[in-house]
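User: I'd like to learn how to read a fold at the bench. Could you walk me through this one?

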Amino acid sequence: MTDLAHSHCVPCRSNEPPLSDQASAELLKAVPGWTLVSRDGIARLERRYPFSNFLEALDFTNRVGREAQDEDHHPALLTEWGAVTVSWWTHNIRGLHRNDFIMAARTDAVALAGNT
């Protein structure tokens, strides 16, 4: 687990620039399994987590939701039978911030905790 998983989100002002492609690529190394995607012209981090059934997927969604609420940083969560797709980006800067990588690492920690 990376140091990012033990970090906390910091307030982000709307006048902050999103991370550069180079900075995002460097931070991406700390969260294996995540990919950089663009949706509606906005860079996002995305990962799909597989599950055996809908109830496991829903439980994971709720655990990620609690983690997100604790950090006041909220993802897009697509919950379906057998999988949850999680997308992180910082809405007010319309791109990626270090907070998104922190939350990706914390999402991985939630997934790992659910498998123990």
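Analyst: We'll take the sheet, then two loop residues. This is a predicted model, where local features need pLDDT of at least 70, side-chain atom pairs count only at pLDDT 80 or more, and totals for chains, interfaces and linings use all residues. Residues are numbered from 1 along each chain as its sequence is written, and side-chain values use heavy atoms, leaving out hydrogens and water.

User: How are the strands ordered in the sheet?

Analyst: Strands of a sheet pair through backbone hydrogen bonds, either parallel or antiparallel. Here, four strands make an open sheet in the order β1-β2-β4-β3, with antiparallel pairing. Strands (E, at least two residues) and helices (H or I, at least four) are DSSP runs numbered from the N terminus, and two strands pair if DSSP finds at least two bridges between them.

User: Which strands stand at the edges?

Analyst: β1 (35-39) and β3 (76-80) do; each has a single partner strand, so one side of each lacks a neighbour in the sheet. β3 pairs with β4 (residues 83-88) over five bridges, in the antiparallel sense. In β4, Ala83 is the bridge partner of Glu80.

User: And the loops: where is Asp40, and is Asp40 buried or exposed?

Analyst: Buried means under 20% relative accessible area, exposed over 50%, and partly exposed in between (1.4 Å probe, protein chains only). Asp40 sits in the loop between β1 and β2 and is exposed, at 70%. Though not a glycine, Asp40 has a positive phi of about 55°.

User: What about the phi of Asp72?

Analyst: Asp72 has a positive phi of about 55°, and is not a glycine either. Asp72 lies in the loop between α2 and β3, exposed at 61% relative accessible area.
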